[in-house]
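Please open the structure in your viewer and keep the selection panel at hand. The tour below moves from one selection to the next and says what is to be found at each stop.

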Amino acid sequence: MAAVKQLSQRVAAIQESATLAVDARAKALKAAGEDVIGFGAGEPDFPTPPAIVEAAIEACRDAAMHHYTPASGLPALRRAIAEKTRRDSGLTVAPEQVLVTNGGKHAVATALEVLVDPGDEVLLPAPYWTTYPETVALAGGTTVVLPTTEASRFRVSVEQLEAARTPRTRALLFTSPSNPTGGVYPAAEIEAIGRWAVEHGIWVVTDEIYEHLTYGGHEFHSMPALVPELADQCLVLNCVSKTYAMTGWRVGWLIGPPDIVKGAINLQSQTTSNVGNVSQRAALAALEGGLDSVVAMRTAFERRGTTMYEMLAAIPGVVCLPPEGAFYCFPSFEGVLGRELAGRVPTTTMELAAVLLDEAQVALVPGEAFGAPGYARLSFALADDALVEGVQRIAKLLG
Ligand SMILES: Cc1ncc(COP(=O)(O)O)c(C=O)c1O
């Protein structure tokens, strides 16, 4: 009997999301009674604001929400997204240019599906969010990684982009504020990158999901707002997940030129249909409700980020930059690799993360997951006391 072929090559080549895996391991250990402190989760620890939850409850009672709605998204939500984009980014778009997706991650996957053909190259500055290269590969593309270090505050330069450009270069994946580095590009650099993309006919996929989480004078800027000529070759991705503590509701969106968005809607109509209506109505309430709850969360994140950075930077052998945005510190642990820790000698951050989990009951995500071995990502979206206790445990083990 002939052996039955198992997974397709495309899917067999995908890695499990390292960030979700670390988070799941930490949660499982906690459930088993271990006193684990998890720095792995990329999500706010706050509950979704009550007014948003109430809007969802109301939507549950509305029979119109019990049935299929347009694949592109509820018309009121598409309008609210267009209005919010004008308010927050200074970018004018029509509601027809918006596709509501199943979270930000689905917006990333959709953007790459609609842009990339087999053999196309996608430029990706590293450290990068762990999902990007996998979704490029699923779309049949090739990721071209552009490494950066603390020396440039993890920001890619136009010179680096130009050196990597080939006739096959199709798109640049751009993220500011960044997961995992916590870095924020200044307006002048975003503008220079946008102008380079226009000059060479390269698409930009700009992931703006941390737009409202910037600290200490650093400001978010949307590339197509700074470079209006880019609008015809740019997809803007966003979601309510991080801004409104709504990671579980799964609402994101993609904004782009009408013909590309039409293609994305066709794709969605054949794959997932509309995003859950109750979640869409919750997202509508979030966008219409103003930014008060966001400001409160940002204040807490800024305080925690400063605490985490100061504590990490004080550990001998650890190099850490102050976070400028998002909710991550991304220190280098190069200086502690190769040293004996509790009878073990980790030589990679992957091994160090295992030692920290076993010996200090602290979960963090090794830099290997972000194309940056030697580093690790620690989320500061957790309670202040847990954060302090967790970093103290790291300091004690490494000290
Ligand atoms: C840069 C970036 N883009 C997209 C996402 C996905 O967001 P969502 O939870 O809405 O899928 C994340 C989540 O961590 C992220 O960090």
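**First stop: cis peptide bonds and loops**

Begin by selecting Pro 127, which is found in the loop between β3 (121-126) and α6 (131-138); bear in mind throughout that the model on the screen is a predicted one. Look next at the bond that joins Pro 127 to Ala 126, for this peptide bond is cis, with an omega of about 0 degrees.

Then move to Pro 180, in the loop between β5 (169-175) and α8 (187-200), where a cis peptide bond joins Asn 179 and Pro 180 with an omega of about 20 degrees. To put such bonds in context, most peptide bonds are trans, and most residues other than glycine have a negative phi.

With that second point in mind, select Arg 153, which is not a glycine and yet has a positive phi of about 50 degrees. The place to look is the loop between β4 (142-147) and α7 (158-164), where Arg 153 lies.

**Second stop: the ligand**

Now select the ligand and display its surroundings: 14 residues lie around it, and those that come nearest are Gly 104, Asn 179, Asp 207, Ser 241 and Lys 242. Asn 179 will be familiar from the previous stop, as the residue joined to Pro 180 by a cis peptide bond. If the shell around the ligand is coloured by residue class, its residues divide into five nonpolar, five polar and four charged.

Which pocket holds the ligand? The ligand sits in the second largest pocket.

Three distances can be drawn from the ligand here:

- from a nitrogen atom of the ligand to a polar side-chain atom of Asp 207, 2.6 Å;
- from an oxygen atom of the ligand to a polar side-chain atom of Arg 250, 2.7 Å;
- from an oxygen atom of the ligand to a polar backbone atom of Lys 105, 2.8 Å.

With these contacts on display, consider the surface of the ligand, which taken alone exposes 390 Å², of which the protein buries 93%.

**Third stop: an antiparallel sheet**

Finally, select the three strands that form an open sheet in the order β9-β12-β11, where the pairing is antiparallel. The edge strands, each of which pairs on one side only, are β9 (328-329) and β11 (365-366). Zoom in on β9 and on β12 (residues 376-379), which pair in the antiparallel sense over two bridges; to see one bridge, select Tyr 328 together with its bridge partner in β12, Ser 379.

Notes
Residues are numbered from 1 along each chain as its sequence is written. This is a predicted model: local features need pLDDT of at least 70, side-chain atom pairs count only at pLDDT 80 or more; totals for chains, interfaces and linings use all residues. Side-chain values use heavy atoms; hydrogens and water are left out. A residue is near a molecule or strand if one of its heavy atoms lies within 4 Å of it. A polar contact is a pair of N or O atoms within 3.5 Å; within protein, one must be able to donate a hydrogen and the other to accept it, and residues adjacent in sequence count only if both atoms are side-chain atoms. Accessible areas come from the Shrake-Rupley method with a 1.4 Å probe; for residues, only the protein chains shown count as cover. On a 1 Å grid over the protein atoms alone, a cavity is a set of points where a 1.4 Å probe fits but cannot get out, and a pocket is an open set with protein on both sides within 12 Å along at least five of seven lines; lining residues have an atom within 4 Å of a point. A molecule sits in a cavity or pocket if more than half of its atoms lie within 2 Å of its grid points. Ala, Val, Leu, Ile, Met, Phe, Trp, Tyr, Cys and Pro count as nonpolar, Asp, Glu, Lys and Arg as charged, and the others, Gly among them, as polar. Two strands pair if DSSP finds at least two bridges between them. Helices (H or I, at least four residues) and strands (E, at least two) are DSSP runs, numbered from the N terminus.
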